[in-house]
Amino acid sequence: MTIEPNEPIVYNHILVRFGELSTKGKNKKDFIKRLYTNVKNALSPYQKLTYERTHDRMYILLNGEDGEAVANVLKNVFGISSFSLAIRVPSQIEDIVAMGKRVAMEDDAQTFKIDTRRSDKRFPMISDEVNRAVAGAILKATSMKVDVKHPQLRLQIEIHETDTYLMKGRIAGSGGYPVGVGGKAMVMLSGGIDSPVAAYLTMKRGVAIECVHYASPPYTSARAQEKVLELARMVSGYQGHIRIHIVPFTDLQLAIYEHCDESYAITIMRRMMYRIAERLAKQQGALAIVNGESIGQVASQTLESMAVINSVIQMPVIRPVAAMDKLEIITLAKKLGTYETSILPFEDCCTIFTPKNPVTKPAIDKAEKMEQRFDYESLLDQCLQGITTMEIDPIAKTEEDEEYF
């Protein structure tokens, strides 16, 4: 219906743009369906919202909900290129011109530009004609000037068959693919800087995640575990929910240091972690393992070490930050907000027993011979049987959590 002249302007819709999804060809419908579900799940606390979707847009009707609060949630939903708060009017040129003029009159900008997009090509005016009609009304009603290169007010108009949406400005989304379209992976989450960044980058490519963390009490403290849970909570908003598995690693880690050469301790420890991660991943229906390894950053992350460690499993290992240097990883961690938590001085099991001279070019045959010195299989079973699983949400809940994946 037409908005009366004396009524205040209310941005009652949010228009969501899909971006990269538009390139996905035959998979596009599945991607959009998943994004639609993820958006509704992320915005489930806002129960008044209603939704509409087309082949390249999603429309959220606020129905009185706080548009700014909804926008803050949408920023973290992968698969969204950008979105805008919008006003919906009937697709009649008189209504479009009238609302465009009102938006300009209530803005304090000195310059403006009109951008019209016609989704309905049957509309009797082409985009440029609409631009000129709206701009003409604004020029007559205000002292604003047209500036097509650097306008202070950019009024966007999208014309559909029955309704038209007017927007000023757009808010950047997180991009990427909707979480879940790429299957599920098991992230080896430590308390360091790298693995939360790796988790984020994995979700950005549409892969849902669960996490595994190795704890060695009493050598690792309760504060160290709380730190990891907080990191999981901080990245869980991009997925809506994360399941984390805490592995009791003490007995296996002590056995490694008792029976293996000190220089090979980290190599053997990582091989055991990979074995556990693969078995857990298979139990949980995950298709790959993800970690925060960066080539050459530490002794266990040289290509030679990666090859020896990787050889104990068949499952693919994804290393999203492998080719990034430390400063690049830190910059992204700061952007995510995880950096300050990651540098808290609570050590995990990868750092408390670090040998003085770890081998950087281990040999597979030496690693295998050292593993034959003790019954590691029974210790692996003990680790898997003692796992504690926790459900992590962006905001802690008091009721039993639902399963999302």
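This text walks through a predicted model, beginning with a sheet and moving on to the helices, a group of rings and the cysteines.

A good place to begin is the open sheet of six strands, which follow one another in the order S14-S13-S10-S11-S12-S15 and whose pairing is mixed. Strand S14 (317–318) and strand S15 (388–392) stand at the edges, and because each has a single partner strand, one side of each is left without a neighbour in the sheet. Strands of a sheet pair through backbone hydrogen bonds, and they may do so either parallel or antiparallel. The parallel case can be seen where strand S10 (residues 184–188) is joined by three bridges to strand S13 (residues 288–290), and within this pairing Ala 185 of the one strand has Ala 288 in S13 as its bridge partner.

Helix H8 (residues 265–284) packs on this sheet, where it touches S10, S11, S12, S13 and S14, and its direction makes about 150 degrees with that of S10. Helix H6, in turn, lies across strand S11 (208–215), strand S12 (242–248) and S15, running at about 160 degrees to S12.

Helix H6 spans residues 222–236 and includes Ser 236, a residue that is buried, with a relative accessible area of 0%. If its neighbours within four places in sequence are left aside, Ser 236 is in contact with His 241, Ile 242, Ile 392, Asp 393 and Pro 394.

From here the reader can turn to the aromatic rings, for which a search of the whole structure finds eight pairs. One of them joins Phe 78 and Tyr 238, which are stacked, with 5.2 Å from centre to centre and 20 degrees between the planes. Phe 78 lies in the loop between helix H2 (67–74) and strand S4 (82–90), whereas Tyr 238 lies in the loop between H6 and S12, so the pair ties together parts that are 160 residues apart in sequence. Both Phe 78 and Tyr 238 are buried, and ring pairs link these two residues with Tyr 200 into a cluster.

Rings also meet charges in this model: the charged end of Arg 53 sits over the ring of Tyr 36, 4.5 Å from its centre, and that of Lys 334 sits over the ring of Tyr 339, 5.0 Å from its centre.

Finally, there are the cysteines, and the structure holds zero disulfides. Cys 260 is buried, with a relative accessible area of 8%, and its sulfur is too far for a bond because the closest cysteine sulfur, in Cys 383, is 14 Å away. Cys 211 is buried as well, with a relative accessible area of 1%.

Notes: Residues numbered from 1 in each chain as written. Predicted model: local features only at pLDDT ≥ 70, side-chain atom pairs only at ≥ 80, totals over all residues. Heavy atoms only, no water. Helix = DSSP H or I, 4+ residues; strand = E, 2+ residues; numbered from the N terminus. Buried < 20%, exposed > 50% of the residue type's maximum accessible area, 1.4 Å probe, protein only. Contact = heavy atoms within 4.5 Å. Disulfide = S-S within 2.5 Å. Pairing = 2+ DSSP bridges. Axes fitted to C-alpha atoms, helices over the stretch in contact; angles between N-to-C directions. Phe/Tyr/Trp six-rings, centres within 6.5 Å; stacked < 30°, edge-to-face > 60°. Lys NZ or Arg CZ within 6 Å of the ring centre and 35° of its normal.
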